[in-house]
Amino acid sequence: MRGRNFLICGLTGWCMEILFTSAGSLARHDGRLIGQTSLWMFPIYGMAACIGPVYAKIKKLPALLRGSIYTVGIFSFEYLSGSLLRRHHFCPWDYSSARANVNGLIRLDYAPLWLGAGLLFERILVHANRLT
């Protein structure tokens, strides 16, 4: 995993999270459109750089299947990192009140969002590595 890809994915993830939480603000009729994230999220999103080497092995598979593989990886890493952060009282998210949560660390209803995010990271990484 190259450091440049880690930075690209970390920044992309931060931007996606701010846009997503801003949309949630709009859904609550809060026209201020306040989005938020945490510094802890940068390395977590940065790990999406692992998608690059995975893509190299599965690029001939249909996009839906590739996205599903990325979703499983994202859920796994979200659960693992959330467990570690929670152990030290640093976890910036808590999905306990969501219906489709697993131990408050992942939301299964976010699977389509993570599938799309995985494919977006894939495209960004493919493009970024063609430029180098």
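Is leucine 33 buried, exposed or partly exposed? Leucine 33 counts as partly exposed, because its relative accessibility is 42%, and that value falls between the limits of 20% for buried and 50% for exposed. The model is a predicted one. Its protein chain contains 5 helices and 2 strands, and the agreement of its radius of gyration with that of a compact globule is covered below.

**Overall fold and size**

- Read from the N terminus, the order of elements in the protein chain is α-α-α-α-β-β-α.
- The protein chain has 132 residues and a radius of gyration of 15 Å, which agrees with the value near 14 Å for a compact globule of that length.
- Along the principal axes, the C-alpha atoms of the protein chain occupy a box of roughly 40 × 30 × 30 Å.
- Of the contacts between residues at least 6 apart in sequence, 63% link residues at least 24 apart.

**Surface and charge**

- Of the 132 residues in the protein chain, 36% are buried.
- The exposed surface of the protein chain is about 8,200 Å², and 67% of it comes from carbon and sulfur atoms.
- The protein chain carries 14 positive and 6 negative side chains.
- The centres of these two charge sets are 12 Å apart.

**The largest nonpolar core**

- In soluble globular proteins, nonpolar side chains tend to be buried together.
- In this model, the largest nonpolar core is made of 26 residues.
- The residues with the most contacts inside this core are Cys9, Ile51, Tyr70, Trp93, Trp114 and Phe121.
- Two or more residues of this core come from each of helix H2 (41-46), helix H3 (51-58), helix H4 (63-87) and helix H5 (111-130).
- Helix H5 gives the largest share of this core, with 7 residues.
- Cysteine 9 is in contact with Tyr45, Gly46, Ala48, Ala49, Phe121 and Leu125, once its neighbours within four places in sequence are set aside.

**Two buried residues in helix H1**

- Glycine 10 is part of helix H1.
- Glycine 10 counts as buried because its relative accessibility is 0%.
- Outside its neighbours within four places in sequence, glycine 10 is in contact with Phe42, Tyr45 and Gly46.
- Glycine 10 and alanine 23 are 13 residues apart along the chain, and their C-alpha atoms are 20 Å apart.
- Asparagine 5 also belongs to helix H1, and it counts as buried because its relative accessibility is 7%.
- Asparagine 5 touches Ala49, Leu125 and Asn129, leaving out residues up to four places away in sequence.

**Two residues in helix H4**

- Phenylalanine 75 sits in helix H4.
- With a relative accessible area of 12%, phenylalanine 75 is buried, since the limit for buried is under 20%.
- Not counting residues up to four places away in sequence, phenylalanine 75 touches Ile106, Arg107, Leu108, Tyr110, Ala111 and Trp114.
- The C-alpha atoms of phenylalanine 75 and methionine 41 are 14 Å apart, while the two residues are 34 residues apart along the chain.
- Serine 76 is likewise in helix H4, but it is partly exposed, with a relative accessible area of 44%.
- From C-alpha to C-alpha, serine 76 and leucine 26 are 30 Å apart in space, and they are 50 residues apart in sequence.

**Loop residues with positive phi**

- Most residues other than glycine have a negative phi.
- Leucine 33 is not a glycine, yet it has a positive phi of about 50°.
- The place of leucine 33 is the loop between helix H1 (3-27) and H2.
- Asparagine 103 has a positive phi too, near 55°, and it is a residue other than glycine.
- Asparagine 103 is located in the loop between strand E1 (101-102) and strand E2 (106-107).
- Asparagine 103 is partly exposed because its relative accessible area is 48%, which is not over the 50% needed for exposed.

Conventions:
Residues are numbered from 1 along each chain as its sequence is written. This is a predicted model: local features need pLDDT of at least 70, side-chain atom pairs count only at pLDDT 80 or more; totals for chains, interfaces and linings use all residues. Side-chain values use heavy atoms; hydrogens and water are left out. A nonpolar core is a set of buried Ala, Val, Leu, Ile, Met, Phe, Trp, Tyr and Cys residues joined through side-chain atoms within 4.5 Å. Buried means under 20% relative accessible area, exposed over 50%, partly exposed in between (1.4 Å probe, protein chains only). Helices (H or I, at least four residues) and strands (E, at least two) are DSSP runs, numbered from the N terminus. Contact means heavy atoms within 4.5 Å. The radius of gyration is taken over C-alpha atoms; the globule rule is 2.2 Å times the number of residues to the power 0.38. Accessible areas come from the Shrake-Rupley method with a 1.4 Å probe; for residues, only the protein chains shown count as cover. Lys and Arg count as positive and Asp and Glu as negative; His and the chain ends are not counted. The place of a charge is taken as NZ of Lys, CZ of Arg, CG of Asp or CD of Glu.
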